[in-house]
Amino acid sequence: MNYTKQIQDIAARLFAEGKIDVFVGYRVNGFDDNQVPALITGPQEVSQLVFTEKSVFNLVNYLKSDHTRRKRVGLVVKGCDSRSLNLMLTENQVKRENLYVIGICCEGVTDDAGQKMQNCTECMVPDAVVSDELLGTPTATGMKPYERNVDIKALAEKPLTERAAYFEEVFENCIRCNACRHSCPLCYCAKCCIDQETATLYNGANTTSGAFHALMTWSLHLAGRCVDCRNCEKACPSHLPLHLLHKQNESVIYENFQEHLAGVIPEDRGAFYKYSLKDPDDFIM
Amino acid sequence: MSVETFVTDKAGLQKFYEAIMAGHETYAPVEKFGKYDFKRVVRLSECDPESPISRTQSIKPLFFPRSAKVMKYVATSAGTEVSEVDEDPLAVKRVILGAKHCDARALQVLDKVYNWDYIDTDYQKRRENTVIISTRCDKADTHCFCTSLDYDLENLDAMDVLVVNGLDGKIYIKSKTAKGAELLNTDVTRHASRVTEEVSEPVLKKQFEAFAGSFRLKMDYKEVNAKLSKIFDTPEFEDVSGSCVSCNTCAFVCPTCHCFKISDEKVKDTGVRYKSYDSCNNGYFTLMAGGHNPRPVKYRRWRQRAMHKFVYYKERFGENLCVGCGKCTISCPVNISIFEVVNQVAQ
C-alpha cells in the first residue's frame, strides 16, 4: 500500500487551485521508519507527504486543533478514520464544505514491530466511507460479517474473579496522563468532565479508583461512537489494552441495537441518540 | 570517601541482587503489559534489572510520586480540621536496582529545584534514604542522546553504585558515593572479589568508549541553548507544534518534568488532598481564576515546554532540564522527536 505519489499530486493541485489552507497528511520521521502527521501550509512542502502501511495515526484528531480551526483543510482518511470523520460531521463539529477528503481503500496498517494491527485484521470497513476522492480499489465482496473481538471472547471465558483481577491491574497501571482522551478524535469537549476544578465529580489523582472512574466514563462516552482506530492505545505510555473497554461496548451495542456500527452510514446518529421500537427493553424491571 | 570496586560474573551479579533483596526494601523494573515500571519486589524472578531502556519508565515516581497525599481534612460545625497523612511509604530505607544513568542524572537536576526557595522535605527524605544502583547501558537506543548534553556521563556520580558489563565478560561493581560504599562493604558482595582501581578503570573506560561510540544522535547543546534563547517570537514554534496532539504523555514519562496539580477526593465532610502530575501542554494549565489564560493556544504551551527544558531552567539553575533519555519520543503517539524539533527550531 503506497499512495505517496497520488497524495502529493492531489495536495499540490489543491494548493494550486486555492481550495485549501492547510493539508493534513503524514511525513517520514527523520530517525526511524515511523511517520509523523504533517500539517502542510503551502505547495513547497508537498514533497514531504507520504502514505504507506506505517501511516497509522487517525488524522481526524487534527480537526479539533488550533492549527486547523476556521481553515479549509485537506485531509487523508483510512476506513476507520473516515468513520470518525462521519461522526464529527453528524455531531456538527466540522463543516463538510471546509474539508477536502482523500479517502483510502486501506489494506491495513502495521504497529511498531511491523505486524498488521489487530483492528486491521478484524476491520469491517477498510474503504473510506466519506471522501471527495478515493484512492485504491474498493473491496468487491462487501462488508464482512460482524465478529466479536478475539480478546473480548478470550476474556469472557474466564471466571469473573479473574477478569476483575485483570482489570484491577489495568487501572493500577494507568498513570492518569489522559493521553488516550487527547489522542481520541471523538473526544472534542472543550473541557472534559474529568478535568473540572469546581464541582469535582472525579478524582484527578493517580489512584486505582481515580483511573477506574476516568477510564470507565471515557469509554461510556465513546460507547456506540468508538470507531476502533486505536489512537488511544498508541498513545498510552503504559501500553494498557484500552481496546477491551471499547470493543466490549461495541459488541453489546451491535448485538442489541439493530447492528449499529459507529459512523458507517453518513448522517446516522449514534445508537444512544435515536429511539426505535425495536430497541430491547428486557433489562427494565 | 574510599571507592570500593568489585568484580564478579553474571551469576555473581544475580547473587549480589538477591542478597540486596534479602536485606533491604528493593525497587526494580517489573513488566506489565510490555512496559517496565519500578515497583517493590522481593524476588529477582519478578523483575528485570536489565530492562530495555525503550520500554522502562523512569525512577522519578519513587521520589516524586504520580499522586501523593498532602493532607486530610474533616469539616465540622466548628470549622475544618486538618490532619497529617499516614506515613510516607517511599521514605523508608530502600535500594533501587536497574536504574538507568539518565534517570539517575535527572534526580540531580531535580534536586536543584527541590532545594530552591522551598525545601521539599518529603522529597529530601526519599532521596536520603535511597541507594540507587545503576547499570551502564551497553548500547545507545534509537532515540538516546544523553552524551550530547551538559553532563559528564562517564564520571557521573548521580547513582550510588555503578554496575558495568565489561567488554572482558566480567561485571564490575563500583561505589560512587559514601552511601554506595557503605552498602558494598556489607556482606551483599560476598560473591564478588575486590579489585584495585588500576585494574578496573581501564575496563570501565573501554566499555564507556564502546557505549559512547554507539550514539546515532549528536547535537551541540550550547548552540541549541544559545539559539533557542533568542527566538521566542518566531513562527517556527507554530510550525513544529502542528503535529502535537497535546496528549501530555511526554511530560508524564519525562524523568525531569516536575509540575503538579492539587485535587481533592471528598466523601461527604471528609476528604484527602492529593498532589498529582500535571503538564504544561494541558490547555487549562495556566488558566487563572477569573478566566484569563496567558497560553490559550497550543504553540505557546508547546514553546513553553521546549524553552523550559533548554533555556529557562539553564538560566536559573545552570542545567538543562533534558537528560537525553528519549522517553518522550518513544511514548509520543505521533512520533515527534524532541531532538529533531529543538535542532530544527535552533537552525
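Is B:Ser246 buried or exposed, and how many other C-beta atoms lie within 10 Å? In this predicted model, B:Ser246 is buried, because 20 other C-beta atoms lie within 10 Å and a residue counts as buried from 20 upwards. B:Ser246 sits in the loop between helix 7 (236-240) and helix 8 of chain B, and, although not a glycine, B:Ser246 has a positive phi of about 55°. Most residues other than glycine have a negative phi.

Chain A holds another residue of this kind, A:His239, which is not a glycine and has a positive phi of about 55°. A:His239 lies in the loop between helix 8 (231-235) and helix 9 (243-256) of chain A, and it counts as partly exposed because it has 15 C-beta neighbours inside 10 Å.

**Chain B as a whole**

Chain B contains 11 helices and 12 strands, and its C-alpha trace spans about 65 × 60 × 40 Å along the principal axes. For its 347 residues a compact globule would have a radius of gyration near 20 Å, and the 22 Å of chain B agrees with this. Of these 347 residues, 44% count as buried, and among the contacts in chain B between residues at least 6 apart in sequence, 72% join residues at least 24 apart.

**Two domains**

Chain B is divided into domain 1 (5-212) and domain 2 (221-346), with C-alpha centres that lie 25 Å apart. The contact takes 32 residues from domain 1 of chain B and 28 residues from domain 2 of chain B. On the side of domain 1 that touches domain 2, the elements giving two or more residues are strand 4 (67-76) and helix 2 of chain B, and the largest share, nine residues, comes from strand 4.

**The side that faces chain A**

Chain B also touches chain A, with 33 residues of chain B in contact with 39 residues of chain A. On the chain B side, helix 8 (249-253), strand 11 (260-267) and strand 12 (270-277) each supply at least two residues, and strand 11 gives the most, with four residues. The table sets out the residue classes on two contact sides of chain B.

| Contact side | Nonpolar | Polar | Charged |
|---|---|---|---|
| Side of chain B that touches chain A | 11 residues | 14 residues | eight residues |
| Side of domain 1 of chain B that touches domain 2 of chain B | 16 residues | six residues | 10 residues |

**The nonpolar core and helix 2**

In soluble globular proteins, nonpolar side chains tend to be buried together. Here the largest nonpolar core has 149 residues, of which B:Ile96 and B:Ile133 touch the most other members, and the largest share of this core, six residues, comes from helix 2 (residues 101-114) of chain B. Leaving aside its neighbours within four places in sequence, B:Ile96 is in contact with B:Tyr27, B:Phe38, B:Ile59, B:Leu62, B:Thr130, B:Ile132 and B:Ile133.

Helix 2 of chain B has 14 residues, which at 1.5 Å a residue should span 20 Å, and its end C-alpha atoms are 20 Å apart, so the two values agree. The buried residues in this helix are B:His101, B:Cys102, B:Asp103, B:Ala104, B:Arg105, B:Ala106, B:Leu107, B:Val109 and B:Leu110. What covers the buried residues of helix 2 includes strand 6 (94-99) and strand 7 (130-135) of chain B.

Conventions: Residues numbered from 1 in each chain as written. Chains lettered and ligands numbered in written order. Predicted model: local features only at pLDDT ≥ 70, side-chain atom pairs only at ≥ 80, totals over all residues. Core = buried A, V, L, I, M, F, W, Y, C linked by C-beta atoms within 7 Å. Buried ≥ 20, exposed ≤ 12 C-beta atoms within 10 Å, placed from the backbone. Contact = placed C-beta atoms within 7 Å. Nonpolar A, V, L, I, M, F, W, Y, C, P; charged D, E, K, R; others polar. Expected span 1.5 Å × (residues − 1). Domains from an automatic or database assignment. Rg over C-alpha atoms; globule rule 2.2 N^0.38 Å.
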